Amino acid sequence: MPQQEQYRQRSYALSREALELINELGLSANPINYAVFFAYVEKSNDDLVALIDILRGNKRALDDVKCHELYQRFIEPSRAELLRETISHELHRQVSDLIDRLAKGNDVISTADLRDAARDLLGMENRANTQQGVNDADPAPVEVTQLLLDLEEMKREAHTDGLTGIANRKAFDESLRDAAMTTMERGEPLSILLIDIDHFKRVNDKHGHQAGDQVIRTLAKTLQQNVKGRDTTARYGGEEFAVVLPATTLADAMRVAENIRASIESLHLRSFNRNEDLGRITASVGVATYQLGEPLTRVIDRADQALYLAKANGRNCVMNQNDLLTQPINRAESA
């Protein structure tokens, strides 16, 4: 089937789905409602989809007024941006035309020509500014604004570890994927650390799970104090943490890892609930560097193997992917 026919059939199916949904919700089949729900069924705007899902899930009323608010918030800005792009192209075309005519030398541009061109350009700029002014002067009503704030909070919570307040595994995966894309575009290095608290089970068994949670929170804070703003620290799972280090070579990542290891070793913790000395807290660290184009699972696996090697070498140390070439891993020893 030709691509144009596929596009036509998909557009028809989406249009029918949008109109059916408008009818189901008892809304007017006007252009504004149609634009909102076409974008909704097409899933072309994640925030719009999430907001409507929240409204429907909470049995909140969706009337023509509410749809108009959604239209102003989500649809109109994209139309204004398209208008600005169109005007920008037209401005560029007219200026280029004037320059070409001047460059020919044998063509004369009269004062009237320049005045007409300036009037056209000014008129288009004013239309763009007026369109933008309508959007800026028409803030979203309180309810929609609150829902948007709630949506942002939901997004933040979905990427945050509840115990430590740092990034969770999902956020780590996304951060690593974004960093890898940047690395491939710019040719910069990219390294990661995997960090595991040594003998963490002993802390839980001897001092209780609240003390264990305290250790995990303290370790998360220590990690954040030892990395730069563009780096990502995350709780990878249980007592294991991960750090994404963009634009960082293996050698530099080793220095960061050693600073983290030493900072953890220097901690002196007492449990809040029992006022007990928690003893010496140490961690083992595995370091690996991303190879351009490889699956991200491979660099994670190398860091994980280096972490196990650090465990096997007595814990409280840092190992990297190069160490794997000379030292075999005995996972039984590192358990």
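Analyst: A residue counts as buried under 20% relative accessible area, as exposed over 50%, and as partly exposed in between. The model discussed here is predicted.

User: Is Lys-66 buried or exposed?
Analyst: The cut-off for a buried residue is under 20% relative accessible area. The relative accessibility of Lys-66 is 8%, so Lys-66 counts as buried.

User: With which residue does Lys-66 form a salt bridge?
Analyst: The partner lies with Lys-66 in helix α4 (residues 64-104), three residues apart, about one turn of the helix. This partner is buried too, with a relative accessible area of 12%. The two side chains meet at 3.8 Å, N to O, and the partner of Lys-66 is Glu-69.

User: What is the N to O distance between Arg-169 and Asp-173, and do these residues count as buried or partly exposed?
Analyst: Both residues belong to helix α7 (residues 169-186), four residues apart, about one turn of the helix. Their side chains meet in a salt bridge with an N to O distance of 3.4 Å. The relative accessible area is 36% for Arg-169 and 31% for Asp-173. Values in between 20% and 50% fall in the middle class, so Arg-169 and Asp-173 are both partly exposed.

User: How many residues apart in sequence are the parts tied together by Lys-311 and Asp-196?
Analyst: The side chains of Lys-311 and Asp-196 meet in a salt bridge at 2.6 Å, N to O. Lys-311 lies in helix α11 (residues 296-312) and Asp-196 in strand β1 (residues 190-197), so the separation of the parts joined by this pair is 115 residues.

User: Which residues are joined into one network by salt bridges that share partners, and how many salt bridges does the whole structure hold?
Analyst: Side chains of opposite charge can pair when their charged atoms come close. The network consists of Glu-258, Arg-261, Glu-265 and Arg-280. For the whole structure, the search gives a salt bridge count of 13.

User: How many residues make up the largest nonpolar core, and which elements give two or more residues to it?
Analyst: In soluble globular proteins, nonpolar side chains tend to be buried together. The largest nonpolar core here has 29 residues, and Leu-193, Ile-195, Ile-197, Val-215, Phe-241 and Val-287 have the most contacts inside it. The elements that give two or more residues to this core are β1, α8 (200-207), α9 (209-225), β3 (240-246), α10 (250-265) and β4 (283-289).

User: How many residues are in the other core that lies apart from it?
Analyst: Members of this other core include Ile-22, Val-36, Ala-39 and Phe-74. The number of residues in it is 22.

User: Which residues does Ala-211 contact, leaving aside its neighbours within four places in sequence?
Analyst: Ala-211 is found in helix α9, and it is buried, with a relative accessible area of 0%. One partner is 62 residues away along the chain, with a C-alpha separation of 7.5 Å: Asn-273. The contacts of Ala-211, under that restriction, are Val-203, Ser-271, Asn-273 and Leu-278.

User: How far apart in space are Thr-289 and Pro-189, C-alpha to C-alpha?
Analyst: Thr-289 is placed in strand β4 and counts as buried at 11% relative accessibility. Beyond four places in sequence, residues touched by Thr-289 include Leu-190, Ser-191 and Gln-321. Thr-289 and Pro-189 are 100 residues apart in sequence, while their C-alpha separation is 7.4 Å.

User: What is the phi of Ala-247, and what is that of Arg-315?
Analyst: Most residues other than glycine have a negative phi. Ala-247 lies in the loop between β3 and α10, and Arg-315 in the loop between α11 and β5 (318-320). Ala-247 is partly exposed at 26% relative accessible area, whereas Arg-315 counts as buried at 17%. Neither is a glycine, yet phi is positive in each: about 50° for Ala-247 and about 65° for Arg-315.

User: How do the residues lining the second largest pocket divide by type?
Analyst: This pocket holds about 220 Å³ of space. Its lining includes Asp-198, His-199, Arg-202, Leu-278 and Arg-280. By type, the lining residues are three nonpolar, four polar and four charged.

Terms used: Residues numbered from 1 in each chain as written. Predicted model: local features only at pLDDT ≥ 70, side-chain atom pairs only at ≥ 80, totals over all residues. Heavy atoms only, no water. 1 Å grid on protein atoms, 1.4 Å probe; cavity = no way out; pocket = protein on both sides within 12 Å on 5 of 7 lines; lining within 4 Å. Points joined across faces, edges and corners; volume = space filled by probe spheres on them. Nonpolar A, V, L, I, M, F, W, Y, C, P; charged D, E, K, R; others polar. Salt bridge = Lys/Arg side-chain N within 4 Å of Asp/Glu carboxyl O. Buried < 20%, exposed > 50% of the residue type's maximum accessible area, 1.4 Å probe, protein only. Core = buried A, V, L, I, M, F, W, Y, C linked by side-chain atoms within 4.5 Å. Contact = heavy atoms within 4.5 Å.
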